[in-house]
Amino acid sequence: PHSFRRLEYSPPTYTLGQVALDIALDPAHTIVKSRLEVLPGPHHAADAPLILQGEELEFVSLRVNGEVHRQFELSPGFLKILALPDGGQKAFIVEIICACAPATNTSLMGLYVSNGNFFTQCEAEGFRKITYFLDRPDVMARYRVTLRAIEADYPVLLSNGNLIDTEKLPNGWHLATWEDPFPKPSYLFALVAGKLECLEETITTSSGATKLLQIWVEPADLKKTRHAMDSLIAAIHWDEKRFGLELDLERFMIVAVSDFNMGAMENKGLNIFNTKFILAQPETATDADFANIESVVAHEYFHNWTGNRVTCRDWFQLSLKEGLTVFRDQEFSADQMGSESGRAVRRIDDVRVLRQLQFPEDAGPMAHPIRPDEYEEINNFYTVTVYEKGAEVVRMYQTLLGVEGFRKGMDLYFQRHDGHAVTCDDFLAAMADANGRDLSRFKYWYSQSGTPKVHVAERYDASLQQYHLTLSQSCTPGDGQTLKNAFHIPLKMRLLTASNDQAEQLLELTQENQTWVFEGLAERPALSLNRGFSAPIQLKFAQSQDDLMHLFFADDDAFNRWESGQTLAMQLILDNHLPDSALIDAYRHILTDPDLDPAFKELALSLPAESYLYEQCVEVDPQHIHNARRAFRHAVASELRLEWAALYQQMQTPGPFSPDAVSAAKRALKNCALNMLLEADPLIWAPMAVNQYQTADNMTDRYGALAALVICGSKEAQACLKDFYTRFEGDTLVIDKWFALQASRPPVKGAQSTLEAVQQLRQHAAFKMNNPNRVRSVIHAYCLNNPASFHLADGSGYVFWAEAVLALNAVNPQIAARLARGLDRWRNFAQPFQSQMLAALQRVATSPGLSADVREVINKAIG
Ligand code: B3K
Ligand code: ZN
């Protein structure tokens, strides 16, 4: 298999000026005519051939400077054009005609058909499935695009930029021509054609310009677009205010499609979204859906500057745009919460995702630095490391430089690089130069993989009234990197004392070992370190139970308050213990505190995820961990049953539904209480859950009640599931929830196994192997998100996994490769799980016809 290496980057031999595309859309045979103005690149050598990428294309013809050109070679993946005029040293024109087959394109890369409409997905390397091209992000060109189609079937024709012409054509065809004023790399190209309608709004931006915003969906979905539009408008205003960045186009369009490989795509002026991240109404979308829509709409909008105006030189630099844009959307979403405690709750949520998904990745066979050095298939590197850890790295600049210093760095970054394709080093340089700071040690966050560990040793000297803090760092890489340089680790800390006289400080750990001495401490303080999770590290700190308990009661940093509770619970669960009375009292104190944000209460009472617990073990026994955690949860449910019952009453939200953060937090805590009550006394509380299910006026409450019944294995669950299906049969996104809930049900004694249920769901008439959302709601939900039902000692879960990976490999390599990641951590499991996992991996590895995507993941797992 071929590997691409970061250090082998070389600038393009040729670049592009104007690009004109003329595309006649036909599901079976779309004809693409391109006219490329080709220019010699900066390091051009005379007579260099022009090598264009192209995949799954039917070549029709080639002209150079208007003449038929016969000196070319076609090979899988390439069109090599030789004997160019003037040895290619002056600008020349290449005209190519080729064809593709969108209707049979199930990879959902390039041009494809979904529900009778046309869509494209070009990032990372999909444009080469539309036409032969210099398909690399450092070649930026100006596009003019003419789309032709039968008007009755495809009344709406969209592409990037501004609409400059529409015409009726013979035989019921019509055309539309779009021109994008901004040079862009091919991965930001998009077209959409079909029967769509839009919600539109005009807004005025900070400079007084008027802009047209449109959200295009299938006609029946128009009523579900309001929240996405509100989110877009909020994001536009936030970016003006926080970063001084204004929308640069006259028109900004979003289109929703139900067949999509990921969440959404930031194509210039024409974002394309998975319907899951656009469509919402209270009856069909949960509070989590509303929040996700807000954050994904903002994320793609923010890419307009961080990604599109300044883009990546090569795909190794992906985190340059993704880490930065995730950081921006996290900050936006936190601000939308409207309060400090709301901000903290968002932060806790983001850190949970990082620790549950990214920490395991960074310790496993697919570990890579946020700027990878090597890949076989770039699609495999759109990872939680590049995105979420990348965002943590950007956050650390802000922690080190302050909000204003960070803004100065951003301003300089745009001043230097607007309109260019640049690198992570350029970003670091802008941050350092704008602030006159030496950030040379900070660069290791880009080049070294693994989660750094920070070991804490503390000593209090009563006679000198001194507190000594020694921190040492280490890092075990997962990907064969050996040499580790010390990271530059910003740690917010505060010493908690009875007199409350110590301020928060920022410690910069830049050596392997450092000691700090704090003076004037009349009593031994409790240490609150890595406040707000200021660095993406693992703290190794044998903090005393007393201090942890003190933090859980009294830390003014909400993140660390939450964290100390997690640590207390985690230690007990891993030791197979139930909560002691001190911890139950602490939980009671939190639940009954009238001044505490309900969202925080809900998080404080949520136990560490099984996948996070796995990371603390040398030999993972998934069934053992599940049982220990379940028993612990049962005790928390039973011992606090009075408090849960009271909260269930207090957290009702009478009146019309509103998705705002305060109401959502109440619903979250109420539904958490309902789950706990069903855990404690299922027979008593099942009727209450059924009642909530039946009378709910919103999806959060209806789904919350249904999920509680399903998870506890209540006999009422089946009837409610049946009702739910009939009630929402026409609504694909809601039916995805119905599938996902059953596939993620933890094991229930005496009930059908989840594996059997999932096998039946795969045979369900509404299951579709070529729709990624549906596949994710059944197969990925079971294999990646339901550890105790998946890790079965007889290996049957892994057999199901292997068969699903192979079946998906033939349909959609990206979706298959994501599933293939499911056994990454096999080496960490106890027997018999470990051998059964290896057998399943080997079965996939030795199967014929593996895509590059799946092959890379499986080979790395086996090692
Ligand atoms: N940039 C896209 C991701 C493209 C994934 C290609 N396999 C969405 C985003 O991060 O905004
Ligand atoms: Zn992104």
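Let's start with the open sheet of four strands, whose order is β29-β26-β25-β31 and whose pairing is mixed. At its edges are β29, residues 513-518, and β31, residues 538-540, each of which pairs on one side only. On average, neighbouring strands in this sheet are turned by 25 degrees against each other, with direction ignored. Bear in mind throughout that this is a predicted model.

One pairing in that sheet is worth a look. Strand β26, residues 466-474, pairs with β29 in the antiparallel sense, over six bridges. If you want a specific position to click on, Tyr467 has Phe518 in β29 as its bridge partner. As a reminder, strands of a sheet pair through backbone hydrogen bonds, either parallel or antiparallel.

On confidence, the mean pLDDT of the chain is 97, and 99% of its residues reach 70 or more. The model scores are ipTM 0.99 and pTM 0.99.

Next, strand β27, residues 489-496. How many of its eight residues are buried? Seven are, so β27 is largely enclosed by the rest of the structure. It has antiparallel pairings with two strands that I will go through in turn. With strand β28, residues 505-509, β27 pairs over five bridges, and there Lys492 stands opposite Leu506. With strand β30, residues 526-529, β27 is joined by four bridges, and Met493 stands opposite Leu529. In a regular strand, side chains alternate between the two faces of the sheet.

Now the annotated regions, both from unreviewed UniProt entries. UniProt places "domain: Peptidase M1 membrane alanine aminopeptidase" at residues 228-442. In the model, that span is 56% helix and 9% strand, and its end C-alpha atoms are 37 Å apart. The UniProt annotation "domain: Peptidase M1 alanyl aminopeptidase C-terminal" covers residues 546-862. Here the composition is 71% helix and 0% strand, with the end C-alpha atoms 44 Å apart.

For a single residue, take Tyr397, which is in helix α5, residues 384-417. Is Tyr397 buried or exposed? It is buried, because 26 other C-beta atoms lie within 10 Å, and the cut-off for buried is 20 or more. Leaving aside neighbours within four places in sequence, Tyr397 is in contact with Phe406, Gly409 and Met431. Arg371 is 26 residues away from Tyr397 along the chain, and the two C-alpha atoms are separated by 16 Å.

Last, a helix: α17, residues 699-711. From its first C-alpha to its last, this helix of 13 residues reaches 17 Å, close to the 18 Å expected at 1.5 Å a residue. Twelve of the 13 residues are buried, so to speak of α17 as mostly covered is fair. The buried residues include Met699, Asp701, Arg702, Tyr703 and Leu709. Which elements cover them? Among them are α2 (287-302), α15 (661-680), α16 (682-695), α18 (717-727) and α19 (732-743). After α17 comes Gly713, which has a positive phi, near 70 degrees.

To recap, we have a mixed open sheet of four strands, a strand β27 with seven of eight residues buried, and a helix α17 with twelve of 13 residues buried. That is what I had.

Conventions
Residues numbered from 1 in each chain as written. Chains lettered and ligands numbered in written order. Predicted model: local features only at pLDDT ≥ 70, side-chain atom pairs only at ≥ 80, totals over all residues. Contact = placed C-beta atoms within 7 Å. pLDDT = per-residue confidence, 0-100. Expected span 1.5 Å × (residues − 1). Pairing = 2+ DSSP bridges. Axes fitted to C-alpha atoms, helices over the stretch in contact; angles between N-to-C directions. UniProt positions renumbered as here; feature names shortened; annotations may be inferred.
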